[in-house]
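This report walks through one protein chain, from a single buried position to the fold as a whole. Please keep the sequence and the coordinates side by side while reading.

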Amino acid sequence: MELIKVDYQEFKKDIYQYYLELFPRNERKTLHDLKKQYLKNILNFVKINKQNETIGFLIYVTLENNPIILLDYFAIYKQYQNQNYGTQAIEQFQSFFTNYKGVYGEIEKEGLGKTEEENQIRARRIKFWQNLGFHLLETDLELYGVIYSPCLLKLNDTAYTEEEIISYAFQIYNALFSQKKIKKHCRILKK
């Protein structure tokens with residue numbers, strides 16, 4: 001398996017269609033926002049290849065002087081799911097960032113899906129992330145109308161508090177959108 005960083009044009013041409021297919025509308029960024037964040041040099045696109053064939057992608061965000069990586073989107077294409085490729089991709093991905101405290105992500109909160117099937121999918125996602133070593137934080141977040149359970153995969157032995165991790169996450173959110181938008185559309189929910 002190989003993780004290959006790609007530019008915006010390659011993402012748009014080869015991966016964007018899968019992004020639209022795999023993520024619900026209310027969880028996707030617009031193509032305009034993705035391009036804008038990429039041009040700010042904070043958002044990165046990575047294709048996941050197996051034997052020269054793209055089987056998935058990662059979109060992640062890093063900021064200078066911020067010790068966490070936001071794993072914004074991660075997907076294995078449907079025909080390649082349940083073959084351990086997701087686990088392999090995350091293991092390889094995390095090995096690139098030894099100077100960071102952790103990989104931060106958000107998972108749609110379990111039990112809040114509109115259907116039982118959606119709730120089962122959310123439960124499987126949480127289990128998947130936990131099996132990779134991600135730990136759910138004690139805080140939930142509402143981001144643009146969707147409630148998420150934040151999680152962190154620790155990358156080294158550096159001590160951190162949950163408040164620090166949430167603070168680092170909000171630094172990233174502010175860089176992605178603007179402090180004004182984040183103040184309006186994002187809030188911390190205690191469990």
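A residue is called buried when its relative accessible area is under 20%, and exposed when that area is over 50%. The model discussed here is a predicted one, and isoleucine 172 is a convenient place to begin, because its relative accessibility is 1% and it therefore counts as buried.

Isoleucine 172 lies in helix H5, which runs over residues 162-176, has 15 residues and reaches 21 Å from its first C-alpha to its last, close to the 21 Å expected at 1.5 Å a residue. The buried residues of this helix are Glu162, Ile165, Ile166, Tyr168, Ala169, Phe170, Ile172, Tyr173 and Leu176. As a general background to such a list, an α-helix has 3.6 residues a turn, so residues three or four places apart point the same way.

Leaving aside residues up to four places away in sequence, isoleucine 172 touches Val61, Leu63, Asn66, Ile68 and Leu70. Isoleucine 172 and leucine 34, in turn, are 138 residues apart in sequence, while their C-alpha atoms are 14 Å apart in space. After H5 comes serine 178, whose phi is positive, near 140°.

Positive phi values deserve a separate look, since most residues other than glycine have a negative phi. Two loop residues with a positive phi are set out below.

| Residue | Phi | Loop | Relative accessibility |
|---|---|---|---|
| Glutamine 51 | near 50° | between strand S2 (43-50) and strand S3 (53-61) | 76% |
| Asparagine 82 | about 65° | between strand S4 (68-76) and helix H3 (85-94) | 82% |

Glutamine 51 counts as exposed because its relative accessibility is 76%, and asparagine 82 is likewise exposed, with a relative accessible area of 82%.

Turning to the whole, the protein chain has six helices and nine strands. For 191 residues a compact globule would have a radius of gyration near 16 Å, and the chain, at 16 Å, agrees with that expectation; along its principal axes the C-alpha trace spans about 45 × 40 × 35 Å. Of the 191 residues, 48% count as buried, and among contacts between residues at least 6 apart in sequence, 64% join residues at least 24 apart.

The accessible surface of the chain comes to about 10,600 Å², of which 45% belongs to carbon and sulfur atoms. As for charge, the mean positions of the 27 positive and 24 negative charges are 6 Å apart.

Key
Residues numbered from 1 in each chain as written. Predicted model: local features only at pLDDT ≥ 70, side-chain atom pairs only at ≥ 80, totals over all residues. Heavy atoms only, no water. Helix = DSSP H or I, 4+ residues; strand = E, 2+ residues; numbered from the N terminus. Expected span 1.5 Å × (residues − 1). Buried < 20%, exposed > 50% of the residue type's maximum accessible area, 1.4 Å probe, protein only. Contact = heavy atoms within 4.5 Å. Rg over C-alpha atoms; globule rule 2.2 N^0.38 Å. Areas by Shrake-Rupley, 256 points an atom, 1.4 Å probe, with all protein chains shown as cover. Lys, Arg positive; Asp, Glu negative; His and termini not counted. Charge placed at Lys NZ, Arg CZ, Asp CG, Glu CD.
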